[in-house]
Amino acid sequence: MTTSPFDLSNKTAMVTGCNTGLGQAIAIGLAQAGCDVVGVNRSEPTQTAEQITQLGRRFIDVRADLSGGNDVIAQLLQESLSQVRTIDILVNNAGIIRRDNAIDFTEQDWDDVIDVNLKSAFFLSQALAKHFIAENIAGKIIHIASMLSFQGGIRVPSYTASKSGLAGLTKAMANEWAAHNINVNAIAPGYMATNNTEALRQDEQRNAEILNRIPAGRWGSPADVAGPCVFLASSAADYVNGTTLAVDGGWLAR
Ligand code: NAD
């Protein structure tokens with residue numbers, strides 16, 4: 001019997017921020033492809049844990065606030081590796097957004113977003129890359145980027161900086177780690193219906209403007225990012241390095 005190149009049986013994925021939204025859909029998609037999942041969250045991811053367990057996969061619940069810096073990362077990795085033998089896949093999904101005019105933007109709103117979206121993604125990737133190299137694992141790192149890895153956005157300067165930074169880091173990490181059989185790539189979701197975009201969807205005018213510009217004519221659903229993530233996590237993507245894959249209903253093609 002031949003195995004599908006998309007099969008993730010016997011793999012373990014760490015997914016940050018998987019109690020809701022895109023992270024939840026990604027964690028479930030990876031479990032459907034055969035993975036056990038280590039979920040890194042600030043609060044109990046009850047629904048995600050239940051659904052993954054129902055699929056017959058293991059869910060390991062690790063709690064951490066990713067704005068806490070390197071001590072938090074060292075601790076969460078140690079806790080994870082005390083419960084699973086190895087980790088093969090990392091999805092840096094946790095992220096926050098703050099909205100204000102660039103002219104008024106505060107240092108707090110800058111630091112909070114950069115700390116979670118960019119700094120924690122860099123240092124968690126570094127920690128996992130050390131694990132992959134030490135254990136001789138052909139690891140996969142997937143950052144969840146954004147349309148604002150390519151565009152400027154409006155009233156979200158720290159978010160744009162963090163997501164543009166992630167697209168750059170995707171290439172920088174791929175350049176250094178491809179030789180270790182580590183694939184680093186990113187997914188740039190378009191406009192997806194999650195908590196993160198609730199305010200935009202409630203704004204009738206912005207909602208209509210956004211929908212008019214999306215060739216697919218709809219907001220993305222969290223499940224839309226799961227398949228691309230399974231692909232990038234699988235051996236089907238062994239020769240894909242340093243790319244940021246748009247999953248956007250055609251938004252960037254306009
Ligand atoms: P969400 O708010 O539903 O989920 C964000 C997740 O990150 C949650 O699980 C949250 O608990 C976690 N998180 C936030 N701060 C954290 C911290 N300090 N420590 C640990 N976990 C933390 O939003 P979402 O839309 O599902 O966003 C998921 C990712 O996708 C984010 O990186 C976001 O920037 C990105 N994204 C979303 C969209 C969209 O349209 N929804 C578009 C492009 C990119």
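The questions below deal with an aromatic cluster and a ligand in a predicted model.

Q: How many aromatic pairs are there?
A: The count comes to four aromatic pairs.

Q: Why is the pair of Y191 and W219 called edge-to-face?
A: The ring centres of Y191 and W219 are 5.6 Å apart, and a pair needs centres within 6.5 Å. Their planes stand at 90°, and planes over 60 degrees apart count as edge-to-face. The pair is therefore edge-to-face.

Q: What makes Y191 and W219 a link between parts that are 28 residues apart in sequence?
A: Y191 lies in the loop between strand 6 (183-189) and helix 6 (198-202). W219 lies in the loop between helix 7 (204-213) and helix 8 (226-233). The pair therefore ties these two parts together.

Q: Why is the pair of Y191 and W251 called tilted?
A: The distance is 4.7 Å centre to centre, and the limit for a pair is 6.5 Å. The angle between the planes is 55°. Stacked needs under 30 degrees and edge-to-face needs over 60, so the rest count as tilted.

Q: Which parts does the pair of Y191 and W251 tie together?
A: Y191 is in the loop between strand 6 and helix 6, while W251 is in the segment after strand 7 (244-247). These parts are 60 residues apart in sequence, so the pair ties them together.

Q: Which aromatic cluster does Y191 belong to?
A: Y191, W219 and W251 form one aromatic cluster.

Q: How do you know whether Y191 and W251 are buried or exposed?
A: Buried means a relative accessible area under 20%. Y191 has 19%, so Y191 is buried. W251 has 8%, so W251 is buried as well. W219 is also buried.

Q: What makes R201 and R213 count as charges over a ring?
A: CZ of Arg must be within 6 Å of the ring centre and within 35 degrees of the ring normal. R201 lies over the face of W219, at 5.7 Å from the ring centre. R213 lies over the face of W251, at 4.0 Å from the ring centre.

Q: Which residues surround the ligand most closely?
A: Of the 28 residues that surround the ligand, the closest are N19, N93, Y159, M192 and T194.

Q: Why does N19 make a polar contact with the ligand?
A: A polar side-chain atom of N19 lies 2.5 Å from an oxygen atom of the ligand. A polar contact is a pair of N or O atoms within 3.5 Å, so this pair is one.

Q: How much of the ligand does the protein cover?
A: The protein covers 94% of the 820 Å² of accessible area that the ligand has on its own.

Key
Residues numbered from 1 in each chain as written. Predicted model: local features only at pLDDT ≥ 70, side-chain atom pairs only at ≥ 80, totals over all residues. Heavy atoms only, no water. Phe/Tyr/Trp six-rings, centres within 6.5 Å; stacked < 30°, edge-to-face > 60°. Helix = DSSP H or I, 4+ residues; strand = E, 2+ residues; numbered from the N terminus. Buried < 20%, exposed > 50% of the residue type's maximum accessible area, 1.4 Å probe, protein only. Near = heavy atom within 4 Å. Polar contact = N/O pair within 3.5 Å; in protein donor to acceptor, adjacent residues only side chain to side chain. Areas by Shrake-Rupley, 256 points an atom, 1.4 Å probe, with all protein chains shown as cover.
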